[in-house]
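Open the model in your viewer and keep the sequence panel beside it. The tour below goes from one selection to the next.

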Amino acid sequence: GDVEHGKRIIRELATVKNEYAHFAGFEYGIKFQFREMDSFIHPDYQDRTDLKYVKRFKETDLTDAEFLELKSFAEELGFVPLCTGFDEPSIARIEKMGFPLIKIASCSFTDWPLLNRIAEVDIPIIASTATASLDEIDNVVSFFLNRNKDLTLMHCVAEYPTYPKEMQLNQIKLLKERY
């Protein structure tokens, strides 16, 4: 909920990015997240401050102008901005703001109304596969490829923090070979 705080985070990430700039072929991204608060949070819970996620989502919400300011700042510092939309109205915001990449959160991997809305957008897609079964991944890959969408699968583990022994990096090879 604070643009200056967001800029501080982006500046700090740019410092780290610049330390690794010598790695050829890498682009670094900043991921934003959109949720349409009036519909994403059930009306009965809108004013609840005792629920940590409701409180956090409400406290960190920004206007479109503020998000655009942060997006532009990230681009100025050499980042590729991407955005996760957690609901269908948020996909329209991603389009309107001109994000070059759209990300599907692992928790939304099988949210078919959301996936259908994303399929309407002409933006490359990154889909996080944490918690998804191979059958679910098969279905999502088939869905997007049959619509000629530019889809990248991202292996991730839905555990924060993720310790090295729990990263399951062997799954990257599986995904590459299967898809």
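**Stop 1: a buried lysine**

Select K149 and D122. K149 is buried but forms no salt bridge; D122, the nearest side chain of opposite charge, is 4.7 Å away. A salt bridge needs a side-chain nitrogen of Lys or Arg within 4 Å of a carboxyl oxygen of Asp or Glu, so this pair does not count. Keep in mind that the model is a predicted one.

To place K149 in the chain, look at the loop between α7 (134–145) and β5 (151–154). Now show what surrounds K149. Apart from neighbours within four places in sequence, the residues in contact with K149 are A119, V121, D122, I125 and F144.

**Stop 2: helix α1**

Select residues 3–19, which make up helix α1. How far apart are its end C-alpha atoms? They are 25 Å apart, in agreement with the 24 Å that 17 residues should span at 1.5 Å a residue.

Next, colour V3, G6, K7, I10, A14 and K17, the buried residues of α1. Turn the view to look down the axis of the helix: these buried residues fall within an arc of 95 degrees, so they line one face of α1. E12 and E19, on the other side of α1, are exposed.

What do the buried residues of α1 pack against? Add β1 (29–34) and α4 (64–76) to the selection, since the packing is against these two elements.

Then go to the N-terminal end of α1, which is capped by D2. A side-chain oxygen of D2 lies 3.0 Å from the backbone nitrogen of E4.

**Stop 3: E69 in helix α4**

Select E69, which is in helix α4. Is E69 buried, exposed or partly exposed? Its relative accessibility is 36%, so E69 counts as partly exposed. Leaving out neighbours within four places in sequence, E69 is in contact with V3 and K7. Both of those residues were coloured at the previous stop as buried residues of α1.

For a distance check, pick the C-alpha atoms of E69 and A21. The two are 24 Å apart in space and 48 residues apart in sequence.

**Stop 4: salt bridges**

Side chains of opposite charge can pair when their charged atoms come close. How many salt bridges does the structure hold? There are 8, and three of the pairs can be visited in turn.

Begin with K96 and D64, whose closest N and O atoms are 2.8 Å apart in a salt bridge. K96 is in helix α5 (residues 88–96) and D64 in helix α4, so the pair ties together parts 32 residues apart in sequence. K96 counts as exposed, at 62% relative accessibility, while D64, at 23%, counts as partly exposed.

Move on to E95 and R117, which meet in a salt bridge of 2.6 Å, N to O. This pair also links distant parts of the chain: E95 is in helix α5 and R117 in helix α6 (residues 112–119), 22 residues apart. E95 is partly exposed, with a relative accessible area of 35%, and R117 is buried, with 17%.

Finish with E177 and K173, a salt bridge whose closest N and O atoms are 3.8 Å apart. Both residues lie in helix α8 (residues 170–178), 4 residues apart, which is about one turn of the helix. E177 counts as exposed at 60% relative accessibility, and K173 is exposed with a relative accessible area of 56%. As a last selection, show D64, R93 and K96 together: salt bridges that share partners join them into one network.

Notes:
Residues numbered from 1 in each chain as written. Predicted model: local features only at pLDDT ≥ 70, side-chain atom pairs only at ≥ 80, totals over all residues. Heavy atoms only, no water. Expected span 1.5 Å × (residues − 1). Buried < 20%, exposed > 50% of the residue type's maximum accessible area, 1.4 Å probe, protein only. Arc of directions from axis to C-beta. Contact = heavy atoms within 4.5 Å. Polar contact = N/O pair within 3.5 Å; in protein donor to acceptor, adjacent residues only side chain to side chain. Lys, Arg positive; Asp, Glu negative; His and termini not counted.
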